[in-house]
Amino acid sequence: MSPKPQRLTTASNRFRALHKRWRHEHPCSRYGLMLIRLDQSHAVSESMGEEFNALMIQHLGVRIGHALRNEDRLEYLGDHCFGALVVLSNGEQGLVRVAAKLLSEIRQPVRIAGCVASTTASIGLSSCPADGDNLDALLGRAAVALERAQHGGGDHFELFDRSLGERLRRSWDMSARLWRAYEWSEFTVAYQPIVDATSSRICGTEALLRWQDPALGPQSPSEFVPQLEQSGLIVPIGEWMLRTASGQMRTLQHAGMAALSVAVNVSPRQFDESNLAERVRASLRETQFPPEQLQLEITENMLIRDPDTARDTINSLATMGVRVYIDDFGTGHSSISYLRKLPVAGIKIDQSFVSGLPHDESSTNITRTIIGLAQNMRLEIVAEGVETAEQARFLSDHGVQHLQGFLFSQALPLGELIELLRKPLPTY
Ligand code: C2E
Ligand code: CA
Ligand code: CA
């Protein structure tokens with residue numbers, strides 16, 4: 001049984017009045033409209049009776065109302081269908097989050113006078129201004145999305161904009177899997193060796209986050225790290241990473257292995273939100289790892305967004321003895337004017353430049369310029385993504401002290417890193 005879009009477009013005058021009042025109270029530029037239709041309501045009323053069904057709709061209405069925020073509005077439109085108006089503070093992503101929450105709330109069984117019943121819902125979503133700027137347009141489009149959700153078998157939401165819906169759903173699924181991965185401790189740390197170009201010995205490592213989804217296998221950090229960043233999970237996971245990497249390197253040292261430095265990536269959100277210097281201090285205290293052996297990798301863009309705070313954070317870290325490196329150097333906003341004023345220890349030449357060495361003219365020119373600039377500013381240089389002996393030779397001939405890349409090793413679990421430390425490395 002699918003609702004007729006026409007019937008919903010000419011929704012009850014009550015909803016129209018509610019919308020008008022609400023827009024007056026909340027003249028926000030972006031909001032979402034949801035049509036929430038209970039899937040098995042007809043079956044419930046046949047098996048449990050009309051009266052039970054009416055009470056169930058009432059119960060679910062209260063539950064949905066509680067799941068929305070104070071500024072949102074809900075109205076029963078009839079025919080087992082609710083309409084909701086939702087303020088969009090962080091875009092359609094927020095609308096998707098609310099829809100997923102509502103589906104899960106509605107799925108919980110309802111108990112009425114000793115009887116238990118459960119149902120699911122289908123939700124159609126449209127948003128203003130993307131799908132229209134008046135109630136009729138938004139209702140019509142949400143109704144189209146609702147029909148699609150119902151055709152999908154129910155317990156499902158759809159956005160009017162199909163491709164946006166697909167993108168947001170994928171990102172939502174990934175986000176839910178990441179929360180579970182965090183709760184179930186599915187993340188691990190892998191260490192990629194950094195080699196001293198003069199001695200050809202491993203002098204440090206970069207700690208890289210790894211996640212093996214139990215059902216889907218290893219996942220790529222380039223895909224899931226941005227999602228961790230978006231959900232804010234990067235803050236606790238980044239802190240865990242810092243403690244784990246420092247703690248494991250400390251253990252290695254205790255076991256009589258070489259004193260390796262470790263580089264940990266810091267995400268924009270961690271850098272901005274979490275009082276980074278204090279957290280680093282606490283982690284070093286807890287793990288008893290020497291600050292001089294810790295490197296933090298940030299990107300150029302982080303320096304530029306809020307230069308004053310960035311300067312304070314980097315100053316505090318440097319005072320502690322922690323070395324800050326600029327990762328992917330040359331790929332972001334030019335930060336040279338800021339870099340001159342900051343106690344940054346070094347830069348990492350991005351693999352996109354290294355991969356063209358030594359034959360591609362523009363790569364060699366850029367790499368030479370970056371090296372000259374860093375030497376001029378007395379910055380240490382690490383080249384990453386070194387895959388061939390030719391690249392390693394070019395870099396070390398031009399004065400790069402530290403090399404990192406598949407030529408030497410991929411990122412390895414701690415046990416394999418320990419084995420590698422006992423073996424000679426490939427020469428170039
Ligand atoms: P990144 O910081 O630039 O890390 C270097 C990436 O290059 C790693 O990919 C590494 O495996 C890869 N790589 C190393 N050597 C070579 C090589 O010779 N050739 C090629 N083609 N690639 C090489 P990975 O581990 O997939 O990580 C991707 C990105 O994910 C990282 O880029 C970093 O931005 C992010 N990331 C990883 N771990 C963390 C973390 O703990 N925290 C944060 N904030 N970001 C992380
Ligand atoms: Ca890095
Ligand atoms: Ca990098």
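Two calcium ions first. Ligand 2 and ligand 3, both calcium, sit 3.9 Å apart. Asp327 coordinates both of them. Keep in mind that this is a predicted model.

Now take the calcium ion that is ligand 2. Which residues coordinate it? Glu206 and Glu297 each give an OE atom, Asn265 gives OD1, and Asp327 gives OD. The distances run from 2.1 to 2.3 Å.

Look at the sequence spacing of those donors. The pattern reads E-x58-N-x31-E-x29-D. Glu206 belongs to strand β9, residues 201–213. Glu297 belongs to strand β12, residues 294–299. The two lie 91 residues apart in sequence, so the pair ties together distant parts of the chain. Are these two glutamates buried or exposed? Both Glu206 and Glu297 are buried.

Next, the cysteines. How many disulfides does a search of the whole structure find? Zero. Here is the reasoning. A disulfide needs two cysteine sulfurs within 2.5 Å. Start with Cys28. The closest cysteine sulfur to its own is in Cys128, at 7.9 Å, and that is too far for a bond. Then Cys81. Its closest cysteine sulfur is also in Cys128, this time at 20 Å, again too far for a bond.

What about accessibility? Cys28 is partly exposed, with a relative accessible area of 22%. Cys81 comes in at 2% relative accessibility, so Cys81 counts as buried.

To recap. Asp327 coordinates both calcium ions, ligand 2 and ligand 3. Glu206 and Glu297, donors to ligand 2, are buried. And the whole structure holds zero disulfides.

Technical notes:
Residues are numbered from 1 along each chain as its sequence is written. Chains are lettered from A and ligands numbered from 1 in the order in which they are written. This is a predicted model: local features need pLDDT of at least 70, side-chain atom pairs count only at pLDDT 80 or more; totals for chains, interfaces and linings use all residues. Side-chain values use heavy atoms; hydrogens and water are left out. Donors are N, O and S atoms within 2.8 Å of the metal (3.2 Å for Na, K and Ca); water is not among the atoms, so sites may look incomplete. Helices (H or I, at least four residues) and strands (E, at least two) are DSSP runs, numbered from the N terminus. Buried means under 20% relative accessible area, exposed over 50%, partly exposed in between (1.4 Å probe, protein chains only).
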